[in-house]
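Dear colleague,

I am passing on the structure we talked about, and my notes on it come straight after. Please read them with the model open beside you.

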Amino acid sequence: MAIEVYVALGANLANPTQQLDSAVEALSTLATDGSVRVSSYYCSKPMGDVIQPDYVNAVAGFVTTLSPIKLLDALQAIEQQQGRVRIQRWGPRTLDLDLLLYGQQQINETRLIVPHYGMKQRSFVLVPLAEIAPTLTLPCGASLESLISVTMYDELQKLIE
């Protein structure tokens, strides 16, 4: 069964823009033909207290036939292929791929929580997501538009459209 999914992309090491470009290519192999949509790329400040470079972020939406866990496994494989090493929470990384939404499903498993637990508070997720899915309603019933504050746009710098 085909389902629409949204994935957040982020990188701040090893040429982040190129990392996102490569990730988008890899995501296209998980999608049904021609269904990948990608937001503009945005520059954002890192979360947490770890001193590190700014991030480049985007959101991709596509239709896939993969189950949630198989999709998670595929996303983690892409991260590893691009040099992701999990050393420090909220630390620098070559690539971070987070499954934000899997249709309208709510998933709470050991390895996977969807909708992504922090997406409602993160400008670097909401703003790019709204760019490719402006009328989206989350599984909780909240419209995407209602979650975005004016200040969220000020927290980001658009890099590439």
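Below is what was found in the backbone and among the charged side chains, bearing in mind that this is a predicted model.

I begin with the backbone. Most residues other than glycine have a negative phi, and most peptide bonds are trans. Against that background, V114 and P115 are joined by a cis peptide bond with omega at about 0°, and P115 belongs to the loop between β7 (113–114) and α3 (123–132). A14, which is not a glycine, has a positive phi of about 55°, and N15 likewise has a positive phi, near 60°. A14 is found in the loop between β1 (3–11) and α1 (16–28), and N15 lies in the loop between β1 and α1. A14 counts as exposed because its relative accessibility is 51%, whereas N15, at 44%, counts as partly exposed.

Turning to the charged side chains, a search of the whole structure finds four salt bridges, among them the three described here. R37 pairs with E4, their closest N and O atoms lying 3.1 Å apart; because R37 is in strand β2 (residues 37–38) and E4 in strand β1, this pair ties together parts that are 33 residues apart in sequence. R37 is partly exposed at 29% relative accessible area, and E4 is partly exposed at 33%.

D73 and R111 form a salt bridge with an N to O distance of 2.5 Å. In the remaining pair described here, R93 forms a salt bridge with D96 at 3.1 Å between the closest N and O atoms, and both R93 and D96 are buried.

With best wishes

Terms used
Residues are numbered from 1 along each chain as its sequence is written. This is a predicted model: local features need pLDDT of at least 70, side-chain atom pairs count only at pLDDT 80 or more; totals for chains, interfaces and linings use all residues. Side-chain values use heavy atoms; hydrogens and water are left out. Helices (H or I, at least four residues) and strands (E, at least two) are DSSP runs, numbered from the N terminus. Buried means under 20% relative accessible area, exposed over 50%, partly exposed in between (1.4 Å probe, protein chains only).
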